[in-house]
Structure formats: structure tokens, C-alpha cells
Amino acid sequence: MGRRDTAALIELLDRDPVANIFTRSQVDLHRSAVPDGFAHVLGVDGEEGLLSACWVGANMAPTAMPDEHAHEYALMALATRQRFASIFGPASTVLAMHEVLVDGPQSIFDVRRNQPLMEIRTSPEGIARRRLRVAHPADFDKVLPASAAMFEEELGYSPLENGGSFYRGRVRQLIRQGHTVIDTDEMGNVVFKADLGTVTEQVAQIQGVWINPMYRGHSLAAGYMASTVDYALQQAPIASLYVNDFNEAAVRTYLRVGFTQVGTFATVLF
């Protein structure tokens, strides 16, 4: 897509701001449908304008893509000869793209087929809040191990292997933006951490939720999540997240806090 397609792309993305938050944040960042660097956006036009799109960069994120077009998009992505870290988005589309990419040059590490996409638009009611504060740059040495532990629990390997410079930079960026909230104990250990991984004018997406194993099983999750939602709703009118269906404890917590499921995502990890 070119710069002249920016308005059409924004209109398409804003039809579902929760599902399309990643690509919308990239358009906001670059102020264009043409991002800096090697990433680009593919689109398919119809008689009435832009029908669907797909962000293609380090990750792929489909937007409003009919399943019957998913194979074509996947083939176009393969033609770029780029390497991808993941594909994420509406489950039926991502899994249809997976049918093509499974025979591509990259090995697939995992497929998360059922990830409830959830949102909340009002502050949680009837839940006692747990204390949270916004992390500061001086907290980096505390936040990094907590973030890395969350990542390793989720994916099975440490993001700090071989130095982890990109991951360290991402943690620092979130802290600088005021998008990481934490609670610490009397010894300075992080008890709880969460990030607003992506924020637009419409939506703040909560990511990286982690409770220190020493404090699990003490009914703290709902209070911390309620406080996280309060903070997220100060940044945007909708707070959202998506979660693996097999993480039943997390799903129960989010439902208790007041999240409702508005879709289903899937993620392919390379």
C-alpha cells in the first residue's frame, strides 16, 4: 500500500479498534500506510474500496481478511522472503494463513489456536484494589527479570539469551512511556507487573501480566487486574487483552474483573 491509501486503511482499521490495535498503532506511529524500515502493508481493493489488509514486518497482523483471501496473503508474504516472529489476529484468518505458511521455509514453533479476545469499558465494580504504581526508569533492574520470567513461562525460553538487546530495549521503552505498572514487596521484589503493550486513542491493550510465584495462590490477581484496568482506562476508553484458553486461572480472573469476550485470536509462533 502507498501513502495515498492511508485514509482508507485507517477507516478499515477503525471498524474494529480492539482487534486491529496493533496495525492502528503502527499507522499512528508512522502517520502513514507506509512504515519506515522493511515493514509494509498489503491490501486488497474491491469495487467499494479497501476490503482487507495485512501488516507484514517482524510480525504479520491481518485486518478484515476474508478466509478465502488468507491463502493469497500468505503466499504474498512468503514472496517477500522475510522472516517472521509470529502471525496474530482473528483465529479463522490466522489458521487459514497457517495452512500455507506451514510449508514455508521457516519452522513453526507453536500454534495458539484459541485465544479469547476480551475488552472492558468501565472500571471494575465490587473488587478491592491492590496497590500499583507506574514503574520508573530506576526500576528497570527490577522490572527486567519479572518481564523475562513472564516471557519464559509463556514461551518456554528466555528472551535474554544471547544478550537480549531487543527485549531489554522494549522493556525500557514501556517504562519510559509510563506503560508498565508494578507492585513490590518490602524487600523490593516485584510482586505484580503488567504492561500496556499497545495504546491508541481508542484502546489500551494489556499485556505481560505476571505475578511473582512466591505470591501466587493468595487471591491477589483480581485486585491487581482491577487496578491495572483503572490505569488502562485513563489512557483510552477501552481496555483489552487476549489470553490463551488453556490459562484457565487467568481467564477466570479476567471474567471476574468484568472483561467480556468480543472475539477469538490465534497466534502462530516461528
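**Stop 1: Glu119**

Start by selecting Glu119, which is buried, with 11% relative accessible area. You are looking at a predicted model, so keep in mind that what follows describes that prediction. Glu119 sits in strand S5. Now add Arg121 to the selection: the two residues form a salt bridge, and their closest N and O atoms are 2.7 Å apart. That 2.7 Å pairing of side chains also registers as a polar contact. Unlike its buried partner, Arg121 is exposed, at 52% relative accessible area.

Which residues does Glu119 touch once those up to four places away in sequence are set aside? Select Val18, Ile238, Ala239, Ser240, Gly258, Phe259, Thr260 and Val262 to show them. Keep Phe259 highlighted for a later stop.

**Stop 2: Asp183 and Arg131**

Next, select Asp183 and Arg131. Here is another salt bridge, with 2.9 Å between the closest N and O atoms. This pair links distant parts of the chain, as its residues are 52 apart: Asp183 belongs to strand S7 (residues 180–184), while Arg131 is in the loop between strand S5 (110–120) and strand S6 (133–134). Is each partner buried or exposed? Asp183 is buried, with a relative accessible area of 8%, and Arg131 is exposed, at 60%.

While you have charged side chains on display, select Asp14, Arg24 and Asp28 too: salt bridges with shared partners join these three into one network.

How many salt bridges does a search of the whole structure find? The total is eleven.

**Stop 3: helix H1**

Move to helix H1, residues 6–13, and colour its buried residues: Thr6, Leu9, Leu12 and Leu13. Looking down the axis, you should find them on the same side of H1, because they cover an arc of only 125° around it. The general geometry helps here: an α-helix has 3.6 residues a turn, so residues three or four places apart point the same way.

What covers this buried side? Show helix H2 (21–30), strand S1 (40–46), strand S2 (49–56) and strand S3 (59–63), which are among the elements over the buried residues of H1.

Before leaving this helix, select Glu11 together with Arg15. Their side chains meet in a salt bridge, at 2.9 Å from N to O. Glu11 counts as partly exposed, with 42% relative accessibility, and Arg15 is exposed at 54%.

**Stop 4: strands S3 and S4**

Select strand S4, residues 86–90. Four of its five residues are buried, so the rest of the structure largely encloses this strand. Add S3 to the view: S3 and S4 run parallel, and two bridges join them. To see the pairing at residue level, pick Met60 and Ile87; Met60 stands opposite Ile87, which is in S4.

Met60 also takes part in a core that we will reach at the next stop.

**Stop 5: the nonpolar cores**

Now for the hydrophobic interior. As a general rule, nonpolar side chains in soluble globular proteins tend to be buried together. The largest nonpolar core in this model has 29 residues, and those with the most contacts inside it are Ile206, Met225, Leu241, Tyr254, Val257 and Phe259. Two or more residues come from each of S5, strand S8 (190–199), strand S9 (203–211), helix H7 (221–235), strand S10 (238–242) and helix H8 (248–257). Which element gives the largest share of this core? H7 does, with eight residues.

Return to Phe259 and display its contacts, leaving aside neighbours within four places in sequence: Met118, Glu119, Ile120, Ile206, Met225, Val229, Ala239, Ser240, Leu241 and Tyr254. Glu119, where the tour began, is in that list.

A second core, separate from this one, has 21 residues; Leu42, Val44, Met60 and Ala74 are among them.

**Stop 6: two arginines with positive phi**

Finish in the loops, with the backbone shown. Select Arg31, in the loop between H2 and S1. Its phi is near 55°, a positive value in a residue other than glycine. Arg31 counts as exposed, with 77% relative accessibility.

Then select Arg81, which lies in the loop between helix H3 (67–79) and S4. For Arg81, phi is near 65°, again positive in a residue other than glycine. Arg81 also counts as exposed, at 78% relative accessibility.

Terms used:
Residues numbered from 1 in each chain as written. Predicted model: local features only at pLDDT ≥ 70, side-chain atom pairs only at ≥ 80, totals over all residues. Heavy atoms only, no water. Buried < 20%, exposed > 50% of the residue type's maximum accessible area, 1.4 Å probe, protein only. Arc of directions from axis to C-beta. Contact = heavy atoms within 4.5 Å. Salt bridge = Lys/Arg side-chain N within 4 Å of Asp/Glu carboxyl O. Core = buried A, V, L, I, M, F, W, Y, C linked by side-chain atoms within 4.5 Å. Polar contact = N/O pair within 3.5 Å; in protein donor to acceptor, adjacent residues only side chain to side chain. Pairing = 2+ DSSP bridges.
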